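This report describes the chain shown below. It turns from individual helices and loop residues to the chain as a whole.

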Amino acid sequence: MKILTFKHFVLFICGMLGILVLSGCHDTDHYLELTDRYLYEDKLDSAKMSLEQLEEAKLNADDEVAKYNLLKTEYLYRVYSDTLTDAMIDKSIAYYQKVNDAENLANCYYYKARIVHDKNIKKGILLMKEAERRGNETKDIKLKHKILESLTDWNLNSGEYGLGYDYAKKNLAISLQDGNKNWLAYAYIFLHSACEKLNKDDEKLESLKKATAYIESVPISERAQFYTVIGASYLDEQDIEKATNYYKKSLSTQKTAQGYLGLAVIYYKKGEFEWFIFNLVEKYMLKNHLSSQ
């Protein structure tokens, strides 16, 4: 029988430690990839559990820390966490700039922009423009879409209607390229809003019709807002029947002040003052209820 020497014992221990280290690295990579996939697939509960596994591991490599910070920031943003800051994402930006990783940089700038925008609109838009620039260097269509959609929305809300229109067209083009019906519903409603501000009446009505065709692909939690936008547009066109229909659809989906107010305006125009008063009362009761929450 061969007797193990002290030298053999040391080599054996070193080998076992090496295996454990490699195994730990493999697990870290696995959970980073898993978290990334869960976030991409909108499986936020699963992403949370995967992040918890990573938090128990020791992340030493710069690339692991940068990816973890990006994924944790994305998760916190998407669950509307009060603890969200841009501290972690700044570290990720510094690393991905150093290694010139366009895809991860675009994602970092996207979430940095979303965090900053509420406090500084101009800075938020500039950061999102940087996300757009970096995103154009990648083939990730989902990444490009969320950047273009944000720039469309923000420019329109900032009164930059010409830029908003240009981005609305870009957003529509990438949505058509992908074929995602939810994207298309939003793309057409954004284009409708831009055309309304720029008095592009024919394109406005065409966009509205196309948005309506895709509305069933909008998540139910977001559908009431869509119905009120469509109802308001038909009200502007003096199509009272269609406006009434969409405001009622909105309220059947979710009770909102906008829905009741829209109906109140319609009943006022029709001379049905009893219903006008009823809907105004409902609207203000709802508003007071929401403000007390």
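## Helices and loops of a predicted model

Immediately after H13, glycine 271 adopts a positive phi of about 80 degrees. The model is a predicted one. The helix that precedes this glycine, H13, covers residues 257-269; its 13 residues should span 18 Å at 1.5 Å a residue, and its end C-alpha atoms are 18 Å apart, in agreement with that expectation. The buried residues of H13 are Ala257, Gly259, Tyr260, Gly262, Leu263, Ala264, Ile266 and Tyr267.

A positive phi also follows helix H3, where tyrosine 80 has a value near 55 degrees. H3 itself comprises residues 62-78, 17 residues in total, and reaches 24 Å from its first C-alpha to its last, close to the 24 Å expected at 1.5 Å a residue. Twelve of these 17 residues are buried, so H3 is largely enclosed by the rest of the structure. The buried set of H3 includes the tyrosines Tyr68 and Tyr75 and the leucines Leu70, Leu71 and Leu76. Charged side chains are also among the buried residues of H3, namely Glu64, Lys67, Lys72 and Glu74. Ala66, Asn69 and Thr73 complete the list.

Two loop residues also carry a positive phi. Asparagine 100, with phi near 55 degrees, is a residue other than glycine, and so is glutamine 238, with phi near 65 degrees. Asparagine 100 lies in the loop between helix H4 (87-99) and helix H5 (102-117), whereas glutamine 238 lies in the loop between H11 and H12. Asparagine 100 is exposed, with a relative accessible area of 52%, and glutamine 238 counts as exposed at 52% relative accessibility. The table gathers the phi values discussed above.

| Residue | Location | Phi |
|---|---|---|
| Tyrosine 80 | after H3 | near 55 degrees |
| Asparagine 100 | loop between H4 and H5 | near 55 degrees |
| Glutamine 238 | loop between H11 and H12 | near 65 degrees |
| Glycine 271 | just after H13 | about 80 degrees |

The loop that holds glutamine 238 joins two helices that also pack against one another. How do H11 and H12 run relative to each other? The axes of helix H11 (residues 220-236) and helix H12 (residues 240-253) come within 8 Å and cross at roughly 160 degrees. Angles over 145 degrees count as roughly antiparallel, and H11 and H12 are therefore roughly antiparallel to each other. The crossing of H11 past H12 is left-handed. On the H11 side, the contact is made by Ile220, Arg223, Ala224, Tyr227, Thr228, Ile230, Gly231, Ala232, Tyr234 and Leu235. On the H12 side, it involves Ile240, Lys242, Ala243, Tyr246, Tyr247, Lys249, Ser250 and Thr253.

Serine 207 belongs to helix H10 (residues 201-213). Is serine 207 buried or exposed? At 3% relative accessibility, serine 207 counts as buried, because the cut-off for burial is under 20%. Apart from its neighbours within four places in sequence, serine 207 is in contact with Tyr188, Leu191 and His192.

For the chain as a whole, there are 14 helices and zero strands. Buried residues account for 41% of the 293 residues in the chain. Of the contacts between residues at least 6 apart in sequence, 49% join residues at least 24 apart. The chain exposes about 17,200 Å², of which carbon and sulfur atoms supply 54%.

Note on methods. Residues are numbered from 1 along each chain as its sequence is written. This is a predicted model: local features need pLDDT of at least 70, side-chain atom pairs count only at pLDDT 80 or more; totals for chains, interfaces and linings use all residues. Side-chain values use heavy atoms; hydrogens and water are left out. Helices (H or I, at least four residues) and strands (E, at least two) are DSSP runs, numbered from the N terminus. Buried means under 20% relative accessible area, exposed over 50%, partly exposed in between (1.4 Å probe, protein chains only). Contact means heavy atoms within 4.5 Å. Accessible areas come from the Shrake-Rupley method with a 1.4 Å probe; for residues, only the protein chains shown count as cover. The expected span of a helix is 1.5 Å times one less than its number of residues. Axes are lines fitted to C-alpha atoms, for helices over the stretch in contact, and angles run from 0 to 180 degrees between N-to-C directions. Angles under 35 degrees count as roughly parallel, over 145 as roughly antiparallel, 65 to 115 as roughly perpendicular and the rest as oblique. A crossing is left-handed if the near helix is turned anticlockwise from the far one by less than a right angle, and right-handed if clockwise.
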